[in-house]
Amino acid sequence: RLATDGSRRRAFALASGRSLSVSGTNTTMVANGATGIDGGQLLVSGGAVLNLPALRSYNAPSGGGKFEANGAGSELWLPALATLFGDAQDAYRMQALNGGQVVASNLVSIPGGYVRVIADGSNSVVNLSGLQSIYLGSPYLMKLDATNGGKVLVPQLVDGRRVRLTFSGGTISTTQWTRLQ
């Protein structure tokens with residue numbers, strides 16, 4: 001719930017299973033108080049910016065969930081996110097489309113569930129530069145897709161087992177991988 005009278009609220013809450021959408025050029029939302037989200041989707045489009053600087057953990061809802069930045073200049077910043085728990089049944093999606101950027105550079109681990117990371121389109125970037133480990137016990141997996149000039153950054157992930165890749169004119173950092181399946 002956000003104030004529309006120009007005042008600033010000290011707390012922000014996203015109800016389980018709901019979406020937060022931020023859209024439009026010159027639109028920026030910073031929610032300093034959110035430290036964890038159980039379910040819900042974060043959607044940014046049309047050149048908007050959403051920054052959740054205190055968000056440390058995210059639990060994907062049943063049926064999957066989504067972090068998405070769609071369109072040139074659209075940015076989703078999750079600088080403190082350290083742990084993402086995927087859903088056991090449906091893929092959780094983290095996607096940058098059509099020049100959007102999703103930055104979760106301090107995400108260290110994904111302890112379970114299906115996770116799909118998509119960077120599709122020129123200048124589209126999903127930055128997971130802090131990701132060091134995924135535990136996706138059978139049958140779970142992580143799918144990384146970089147297409148049409150998109151980039152997925154995972155420079156610290158060295159274990160490529162349980163990871164599936166799709167390249168079609170995109171870039172995924174894999175030279176550091178020491179294990180493949």
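This briefing walks through the confidence, sheets, core and salt bridges of the structure above. Please keep in mind that the model is predicted. The chain has a mean pLDDT of 83, and 82% of its residues reach 70 or more. Two open sheets with parallel pairing are described below, one of 7 strands and one of 5 strands. There is also a largest nonpolar core of 42 residues, and the salt bridges come to 3.

**Confidence**

- Among the elements of the chain, strand S11 (residues 101-103) has the highest mean pLDDT, at 98.
- At the other end of that ranking is S3, which has the lowest mean pLDDT, 76.
- Residues 1-7 have pLDDT below 50, and this stretch makes 5 contacts in the model beyond near neighbours in sequence.
- Where pLDDT is low, the predicted coordinates should not be read in detail.

**The sheet of 7 strands**

- Reading across this open sheet, the order is S2-S5-S8-S11-S14-S17-S19, with parallel pairing.
- Strand S2 (28-30) and strand S19 (171-172) are the edges; each has a single partner strand, so one side of each is left without a neighbour in the sheet.
- S2 runs parallel to strand S5 (residues 49-51), and 3 bridges join the two.
- For a residue pair to look up in the viewer, take Val30, whose bridge partner in S5 is Asn51.

**The sheet of 5 strands**

- Here the order is S3-S6-S9-S12-S15, and the strands of this open sheet again pair in parallel.
- The edge positions belong to strand S3 (36-38) and strand S15 (133-134); with a single partner strand each, they have one side left without a neighbour in the sheet.
- Strand S6 (residues 57-59) is joined to S3 by 3 bridges, and the two run parallel.
- Within that pairing, Asp38 has Asn59 in S6 as its bridge partner.
- Ser109 belongs to strand S12 (residues 109-112).
- Ser109 counts as buried because its relative accessibility is 18%, and the cut-off for buried is under 20%.
- Beyond its neighbours within four places in sequence, Ser109 contacts Ala82, Thr83, Leu84, Leu131 and Ser133.

**Pairing of S1, S4 and S7**

- S1 and S4 pair in the parallel sense, and 5 bridges hold that pairing.
- Ser19 has Gln41 in S4 as its bridge partner.
- S4 is also joined to S7 by 5 bridges, and these two strands run parallel.
- In this second pairing, Leu42 stands opposite Phe67 of S7.
- As background, strands of a sheet pair through backbone hydrogen bonds, either parallel or antiparallel.

**The nonpolar core**

- Phe67, Leu128 and Met142 touch the most other members of the largest nonpolar core, which has 42 residues.
- Several strands each supply at least two residues of this core: S1 (19-23), S4 (41-45), S7 (66-70), S10 (92-97), S13 (115-120) and S16 (142-147).
- Phe67 therefore turns up in two places: as one of the core residues with the most contacts to other members, and opposite Leu42 in the pairing with S7.
- More generally, nonpolar side chains tend to be buried together in soluble globular proteins.

**Salt bridges**

- The side chains of Lys66 and Glu68 form a salt bridge, with an N to O distance of 3.8 Å.
- Lys66 is partly exposed at 23% relative accessibility, whereas Glu68 is buried at 13% relative accessible area.
- Asp145 and Arg116 form another salt bridge, whose closest N and O atoms are 2.5 Å apart.
- This pair links distant parts of the chain, since Asp145 lies in strand S16 and Arg116 in strand S13, 29 residues apart.
- Asp145 is buried, with a relative accessible area of 4%, while Arg116 is partly exposed at 24% relative accessibility.
- Asp145 also meets Lys143 in a salt bridge of 3.4 Å, N to O.
- Lys143 is partly exposed, having a relative accessible area of 25%.
- Through shared partners, these salt bridges join Arg116, Lys143 and Asp145 into one network.
- In general, side chains of opposite charge can pair when their charged atoms come close.

Conventions
Residues numbered from 1 in each chain as written. Predicted model: local features only at pLDDT ≥ 70, side-chain atom pairs only at ≥ 80, totals over all residues. Heavy atoms only, no water. Core = buried A, V, L, I, M, F, W, Y, C linked by side-chain atoms within 4.5 Å. Buried < 20%, exposed > 50% of the residue type's maximum accessible area, 1.4 Å probe, protein only. Helix = DSSP H or I, 4+ residues; strand = E, 2+ residues; numbered from the N terminus. Pairing = 2+ DSSP bridges. Contact = heavy atoms within 4.5 Å. pLDDT = per-residue confidence, 0-100. Salt bridge = Lys/Arg side-chain N within 4 Å of Asp/Glu carboxyl O.
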